[in-house]
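Okay, let's get going. I'd like to walk you through a helix pair and then a sheet, so have the structure open.

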Amino acid sequence: MSLWQTQSWQEMLQKSWQIEKYFEIRTSSLVPLLNKERWGEVIFVEKRKVALGEYGLFVIWFDGEIKEEISHKLQDLCKKENCLFIQVETLDYTSWSRDAKSYVSTDWKNTYYKKFIPPYTALINLEKTEEEILSNMKPKGRYNIRLAEKKWVVIEQVDKHIGNIKKFFELMKETTSRDNFSGNTLEYYKIFLESLENSQLFFAYFEKKVIAWGIFIASEDTMIYYYGASSSKYRNVMAPYLLQWKVIEHAKKRKLKFYDFLGVAGPDEVNSNLAGVTDFKMKLSEDRRLVSESYLWIHKKWKYKIIKLLKKLKKTS
């Protein structure tokens, strides 16, 4: 099961006030000869505030099909909690696309209220040799890695103590201001790193200064690049490229299978807010894949239509 379907992830969300609460739903199957129930996997469901005093239920990156049994249990929970809707986001690294009709029963719509993880990502197959991984990068990606090495940029995995968290938070504030997007609080990053045992913090140093950093999470067979920031003052030394390469090497040594850059713009998206990071990530991997679909079951249809209309009017005003 993916990172987003672990108890530590749910607890982190609750500690950082991202969700109201979470629920556990178990899949089950009947064993005919014994005439008793055999419990299967746990599915974690998040309850989040949405709008107009309403709540939505979310299953983030569920790794599997929404079969009838699961569908009924999710819908029953939505009714019991009197929520507006329930949304499921799937996860599949192994296929380039999927048939939505075969993936979910007909009473779910292939859409979403709010997307938490971009549908497309860039991946690296870590089972390839380092030479093969480098050869699959764009020439500019390889060049920038070598340039950072020549500039004596140093990459180091550091302890997740509050002093280091404060250092990267200062860089994050600079990055969010420069690139015009909202970041999280210092307390959030502290809870994030402390709650998730497999989270790792890497710094890039130049002339003994921290000029770039990244938070990475090892989840099952995948290393995920979750957060990152860099200094615009030292942009010419290309530290983020070497930082990514050193973590790729680190993940290979751990015998992981995939390196996930966690989110790029889709191939047909124009003026995407992911355009800048997509350009950076795809210099290091041109393997762009559709890994996630979203499905929605609406409990309160009229209230949902009103809320969606209000959201649309707010966007156009």
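So, H1 passes H7 in a right-handed crossing. By class, the residues in that contact are five nonpolar, two polar and one charged. Bear in mind that this is a predicted model.

Where are these two helices? H1 covers residues 7-15 and H7 covers residues 186-195. Their axes sit 9 Å apart, and the packing angle is about 160°. Anything over 145 degrees counts as roughly antiparallel, so that's what we call H1 and H7.

Which residues meet there? On the H1 side you've got Ser 8, Trp 9, Met 12 and Lys 15. Facing them from H7 are Tyr 188, Ile 191, Phe 192 and Ser 195.

Okay, on to the sheet. It's an open one with seven strands, and if you read across it the order goes E6-E7-E8-E9-E10-E5-E11. The pairing is mixed. Which strands stand at the edges? Those are E6, at 154-158, and E11, at 288-290. Each has a single partner strand, so one side of each is left without a neighbour in the sheet. If you ignore direction, neighbouring strands here are turned by 35° against each other on average.

Let me zoom in on the E6 end. E6 runs antiparallel to E7, which spans residues 199-206, and five bridges join the two. If you want a spot to click on, try Glu 156, which stands opposite Phe 203 in E7.

That's my bit, thanks, everyone.

Terms used
Residues are numbered from 1 along each chain as its sequence is written. This is a predicted model: local features need pLDDT of at least 70, side-chain atom pairs count only at pLDDT 80 or more; totals for chains, interfaces and linings use all residues. Side-chain values use heavy atoms; hydrogens and water are left out. Axes are lines fitted to C-alpha atoms, for helices over the stretch in contact, and angles run from 0 to 180 degrees between N-to-C directions. Helices (H or I, at least four residues) and strands (E, at least two) are DSSP runs, numbered from the N terminus. Angles under 35 degrees count as roughly parallel, over 145 as roughly antiparallel, 65 to 115 as roughly perpendicular and the rest as oblique. A crossing is left-handed if the near helix is turned anticlockwise from the far one by less than a right angle, and right-handed if clockwise. Contact means heavy atoms within 4.5 Å. Ala, Val, Leu, Ile, Met, Phe, Trp, Tyr, Cys and Pro count as nonpolar, Asp, Glu, Lys and Arg as charged, and the others, Gly among them, as polar. Two strands pair if DSSP finds at least two bridges between them.
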